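Visitor: Got a minute to walk me through this one? I'd like to start with the ground rules and then poke around.

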Amino acid sequence: MQWSRYIVAIIWVAGVRGYAQRPVTYQTDVAPILQSNCIECHRKGGIGPFPLTTYEEVAKRAKFIGKVTQSRYMPPFRADRNFQQYANERGLSEEEISTIQAWVTHGSPEGKRSRNKSVSIENDTVQGTSAADFLEWSMTKPYEIIGNEREDFRYFNIPTNLEKDVYVKAIEFKVGNRKVLHHSRLMTDTTRTMRGIDGMREDDPRVIEFQKTPLEEDFLYGWVPGNDRVNFPPGTAKRIRAGTDLLLNMHYAPSPIDETDQSGVRFYLTDSAQVEREVRTLTLTENDITNQPFVLPAESKPTFYMSYGPTQQAISLISVMPHMHFLGKKFRAFAITPGGELVPFVKIEDWDYAWQMTYQFKTLLHLPAGSTIIAEATYDNTSQNPENPSQPAREVTYGWNSTNEMMNLVLYYIPYKEGDETRSQER
Ligand code: HEC
């Protein structure tokens, strides 16, 4: 009796010690983290600069991976997840970050290789759709990017030729060439004034005229790598009007060799009878800035504020998209309800022009009537800012071009219905 207890105790201690000393290995601990969080982009043909799918590929960059994960530079997700939670968020937990740290510190061992470890990447599909349920348009012809190592900003117009209004339950961006397309902004226009602008450069003098156009949608969708689709909640849809032209504002990354791109847009349709509530867009823009004029003097770090409200009706917010250009540093947006409560939308402390996206709230956000929406954005227009496209810095004003600046807040919403605040948007 005594003896057997003693033996059990020894085995127990040995077990615990064994566990504590079990080295953190690539195969057992690190690979699963990378598979769920990195290889969507870091694989052959992905948009990441190198694949992270094998031990060899990962081990030779172990320190670098430790650094970019600890600083939360990777996976790319710029919104503060303590401020608000999103259905399309990315990020490692503290535990995952320390697992990678421990692995790097202990010499990044591989561990036992288990068989049948195939890595699969599946694209999630829009539920219950067949090819008949969507419409797709592409740029009217392939665009040729010249291999001169320079950034390239262009506008394209795609007429939809829609003869009647359609209801759209999801919008997907179809990237033509992931190697060169950096990001893209989708606008819609029903005035037809921008027909035939295919491939127009952003410094074309006509842009000044075009940006006065009252667009149907200033931001129907902002695409960045890994943010290929926005889904609207069941029973809701966005109406796209007959005769709509799609406008694409494309940012191509510098390329050493000639490339072509022919990207497109897909609208997943739903029957109007299924649509209880239409998705609307609220865009706060230059006019909503309270400390006008929107001028960023050279060598300054100004902050601008926006205020909108009090809102007329109770609404439920689906998503938020902040927008600035290269000089943007911080962005924060929230609402104050008539009862004095704060409703957080988005907080970005290290704005990155490359990773701007549509943040879809984890659950619909209820905004009671009488709320005030507030946004604040800080810019760095000094010559010390490495992101500054003008060296030395020069005075910058509002405009579409990447050398101008913008301050926008784009919100998708529907009229509020009881119970919305518990409706999850997670897929
Ligand atoms: C949505 C796509 C995406 C995901 C997910 C992603 N990366 Fe990246 N990664 C990129 C792109 C694009 C770059 C190059 C541009 C940049 O640095 O932003 C990059 C760059 C890097 C770099 C080089 C950074 C530098 O300064 O050159 C490392 C290291 C890296 N990623 C590791 C990771 C790790 C580890 C994960 C997962 C924890 C991850 N990435 C997830 C797209 C992604």
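Guide: Sure. Helices (H or I, at least four residues) and strands (E, at least two) are DSSP runs, numbered from the N terminus. Residues are numbered from 1 along each chain as its sequence is written. This is a predicted model, where local features need pLDDT of at least 70, side-chain atom pairs count only at pLDDT 80 or more, and totals for chains, interfaces and linings use all residues.

Visitor: Fine. Where does Pro-392 lie?

Guide: Pro-392 lies in the loop between strand 21 and strand 22 (396–397). A cis peptide bond joins Gln-391 to Pro-392, with omega about 0°.

Visitor: And which residues does the cis bond with omega about -5° join?

Guide: Gly-309 and Pro-310. Pro-310 sits in the loop between strand 16 and strand 17.

Visitor: Which residue has a positive phi although it is not a glycine?

Guide: Ser-108, with phi about 45°. Ser-108 is in the loop between helix 5 (94–105) and strand 1 (134–138). For background, most residues other than glycine have a negative phi, and most peptide bonds are trans.

Visitor: Now sheets. What is the strand order in the open sheet with strand 16?

Guide: The order is 16-21-18-19, four strands with antiparallel pairing; two strands pair if DSSP finds at least two bridges between them. Strand 16 (303–308) and strand 19 (342–348) are at the edges with a single partner strand each, so one side of each has no neighbour in the sheet. The twist averages 10° from one strand to the next, with axes being lines fitted to C-alpha atoms (for helices over the stretch in contact) and angles running from 0 to 180 degrees between N-to-C directions.

Visitor: How many bridges pair strand 16 with strand 21?

Guide: Six, in the antiparallel sense, with strand 21 covering residues 372–379. Tyr-308 has Ile-373 of strand 21 as its bridge partner.

Visitor: What's the order in the open sheet with strand 14?

Guide: That one goes 14-23-17-20, again four strands with antiparallel pairing. Strand 14 (280–284) and strand 20 (359–367) are the edge strands, each pairing on one side only. Here the twist averages 30° from one strand to the next. Strand 17 (residues 315–323) pairs with strand 20 over five bridges, antiparallel, and Ile-315 stands opposite Leu-367.

Visitor: Switching to the ligand. Which residues come nearest?

Guide: Cys-38, Cys-41, Met-74, Pro-75 and Gly-226, out of 21 residues around the ligand (near is a C-beta atom, placed from the backbone, within 6 Å of the molecule or strand). The shell has 14 nonpolar, five polar and two charged residues. In that split, Ala, Val, Leu, Ile, Met, Phe, Trp, Tyr, Cys and Pro count as nonpolar, Asp, Glu, Lys and Arg as charged, and the others, Gly among them, as polar.

Visitor: Which helix gives the most to that shell?

Guide: Helix 4, with four residues. Helix 2 (26–37) and helix 4 (62–70) each supply at least two.

Visitor: Last topic: what are the domain bounds?

Guide: Domain 1 is 2–105, domain 2 is 124–278 and domain 3 is 280–427; such bounds come from an automatic or database domain assignment. Four residues of domain 1 are in contact with four of domain 2, contact being C-beta atoms, placed from the backbone, within 7 Å. On the domain 1 side that touches domain 2, there are two nonpolar residues, one polar and one charged.

Definitions and conventions. Two residues are in contact if their C-beta atoms, placed from the backbone, lie within 7 Å.
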